[in-house]
Amino acid sequence: MAILFTNIKQLVTFAGDKAPRAGAAMREAGLVKNAAVLIDSGIIVAAGPWAAISRHRLAKKARKIEVNGVCLPGFVDSHTHAVFAEPRLKDFSMRAAGASYQEIKAAGGGIISSIGAVRTQPQRAMAEQLAIRATGFLECGTTTAEVKSGYGLSLESELKILRAIREAAELTPLEMLPTLLAAHGVPPEFNGETQKYLDYVTAEILPKVAAEKLAVFADIFCEKGYFTPEQTTAYLKEAARLGLKPKVHSEQLSNYGGTRAGIAAGAVSADHADHVYAEDIAAMRDAGTIAALLPASNYYLGLAKYPPARELIAAGVPVALATDFNPGTCPCWNMQFVLSAACTHCGMTPEEALCAATVNGAWALGIGDRVGSVVPGMQADLAFFEADDYRELCYYFGANQCVMTVKKGRPVYSRVS
Ligand code: NIG
Ligand code: FE
């Protein structure tokens, strides 16, 4: 049955080219006041001014839902590490006492400290835990999320994580795109022999993941003490050869060359980008690589430095925003907080931040032709907020303003009375 959403005070459509948005196009929100959205069979049929939509032939018989707020495309969170068994509270206490990311790692914390519990957790429990977390995403207006492996770091456990993501997709309406991040760190049994571990990942894990079609993307953490730019390019090229689309964690803690190493292998997005130099920015622009910025992790790490969004946008690099939800550097799944951090600490305008969190997030996942904007023919993934003006989503922070989420045409969360 068709649904007609009425009394939308402001509708942000992001109507425009079916392509990642860059430069001034990121500020073209496609705003419609006094709007309505008509959906049918999971697809957006019409979206625009109420006066026009109400005359649509399907409008009369449609179920009506009165909104009295702001409507946006559902958020597309293009970077999460949502599969982990336990929070890292020891790391948190150390950080609160002033320890840095590197100091925590040296004390036995960090990524490697997450693998013990992940390796012993049964797949079903992992899937159920992820589905519960997915509810939190949906309640905050996120309708699609990328989910990485990377806290198992063995053949068995990395396959288990990816299979758990697949299993969780049966338990939640949140759409999840899986990423293999076996190259997240070197597990203790490899005694710091990074190349030996990467050879193992390449020979043992990658082909099985590709054969079972368990992941859409392959990612690698290119950073001092993790994987080098040379290893990054070689690994991602092999992943691409097997049909996984490359992504890279690059220039998060230092300028180390990960961005250009990822681009050399055809990376769809280069994520973090805190320490990018002009050469990296130019390379991203020339290659059309999306910069996925994760400012909630900078906030959580208590960093003074944030990714240089203004330089990236001025250079014409399409910018996406994502949570980076993970137990070590960003225990936050609420994209609304990311919007606040992006506007307050990265100098992004509300229009740019919302574009980055929706349409450009979708392109960072290669699905911008299907989700990320409120345009006829697109999947009916919508988020509704208690607000008079869309800028309130970036202005208020620390709260959840989302009151209803619609996934593939179905209301999956609502606290509208
Ligand atoms: O994106 N940088 C690598 N991966 C995560 C951190 C993971 C962790 O500390 O557990 C990130 O920040
Ligand atoms: Fe990350």
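These questions and answers walk through a predicted model, from its ligand site to its helices and loops.

Visitor: Where does ligand 1 sit?
Guide: Start with its surroundings. The shell holds 15 residues, with Arg88, Tyr151, His184, Gln252 and Thr329 the closest. As for the site itself, ligand 1 sits in the largest cavity.

Visitor: How many nonpolar, polar and charged residues does the shell around ligand 1 have?
Guide: The shell counts 15 residues in total. Sorted by class, they are four nonpolar, nine polar and two charged.

Visitor: Which oxygen contact distance goes with the side chain of His81, and what are the values for His249 and His272?
Guide: Each histidine places a polar side-chain atom within the 3.5 Å cut-off for a polar contact. For His81, an N or O atom of the side chain is 3.3 Å from an oxygen atom of ligand 1. For His249, the corresponding distance is 3.1 Å. For His272, a polar side-chain atom lies at 3.0 Å from a ligand oxygen.

Visitor: What percentage of the area that ligand 1 exposes when taken alone does the protein bury?
Guide: Taken alone, ligand 1 exposes 330 Å². The share of that area buried by the protein is 100%.

Visitor: Why is helix H14 described as largely enclosed by the rest of the structure?
Guide: H14 spans residues 350-357. Its buried residues are Glu351, Glu352, Ala353, Leu354, Cys355, Ala356 and Ala357. The helix is largely enclosed because the buried count is seven of the eight residues.

Visitor: Thr358 lies in the loop between H14 and helix H15; is it buried or exposed?
Guide: The loop in question links H14 to H15, residues 359-364. Buried means under 20% relative accessible area. Thr358 has a relative accessibility of 0%, so it counts as buried.

Visitor: Which residue has its backbone oxygen 2.7 Å from a polar atom of the side chain of Thr358?
Guide: Thr358 sits in the loop between H14 and H15. Its side chain has a polar atom 2.7 Å from a backbone oxygen. That oxygen belongs to a buried residue of H14. The residue is Leu354.

Visitor: Trp363 lies in helix H15; how far is its C-alpha atom from that of Ala399?
Guide: Trp363 is buried, at 16% relative accessibility. Along the chain, Ala399 is 36 residues from Trp363. Their C-alpha atoms are separated by 27 Å.

Visitor: What is phi of Asn34, and is the residue buried or exposed?
Guide: Most residues other than glycine have a negative phi. Asn34 has a positive phi, near 50°. It is found in strand E2, residues 31-40. With a relative accessible area of 59%, Asn34 is exposed.

Visitor: Where is Ser41, and what is its phi?
Guide: Ser41 belongs to the loop between E2 and strand E3, residues 43-49. Its relative accessibility is 67%, so Ser41 counts as exposed. Ser41 is not a glycine, yet its phi is positive, at about 50°.

Visitor: Tyr306 lies in the loop between H11 and H12; what separates its C-alpha atom from that of Ala296?
Guide: The loop runs between helix H11 (295-301) and helix H12 (309-315). Tyr306 is buried there, with a relative accessible area of 10%. Ala296 is ten residues away along the chain. The C-alpha separation is 9.5 Å.

Visitor: Which accessibility class does His56 fall into?
Guide: His56 is in the loop between helix H1 (50-53) and strand E4 (63-73). Partly exposed covers values between buried, under 20%, and exposed, over 50%. At 25% relative accessibility, His56 counts as partly exposed.

Visitor: How far apart are the C-alpha atoms of His56 and Val147?
Guide: Along the chain, the two residues are 91 residues apart. In space, their C-alpha atoms are separated by 38 Å.

Terms used: Residues are numbered from 1 along each chain as its sequence is written. Chains are lettered from A and ligands numbered from 1 in the order in which they are written. This is a predicted model: local features need pLDDT of at least 70, side-chain atom pairs count only at pLDDT 80 or more; totals for chains, interfaces and linings use all residues. Side-chain values use heavy atoms; hydrogens and water are left out. A residue is near a molecule or strand if one of its heavy atoms lies within 4 Å of it. A polar contact is a pair of N or O atoms within 3.5 Å; within protein, one must be able to donate a hydrogen and the other to accept it, and residues adjacent in sequence count only if both atoms are side-chain atoms. Accessible areas come from the Shrake-Rupley method with a 1.4 Å probe; for residues, only the protein chains shown count as cover. On a 1 Å grid over the protein atoms alone, a cavity is a set of points where a 1.4 Å probe fits but cannot get out, and a pocket is an open set with protein on both sides within 12 Å along at least five of seven lines; lining residues have an atom within 4 Å of a point. A molecule sits in a cavity or pocket if more than half of its atoms lie within 2 Å of its grid points. Ala, Val, Leu, Ile, Met, Phe, Trp, Tyr, Cys and Pro count as nonpolar, Asp, Glu, Lys and Arg as charged, and the others, Gly among them, as polar. Buried means under 20% relative accessible area, exposed over 50%, partly exposed in between (1.4 Å probe, protein chains only). Helices (H or I, at least four residues) and strands (E, at least two) are DSSP runs, numbered from the N terminus.
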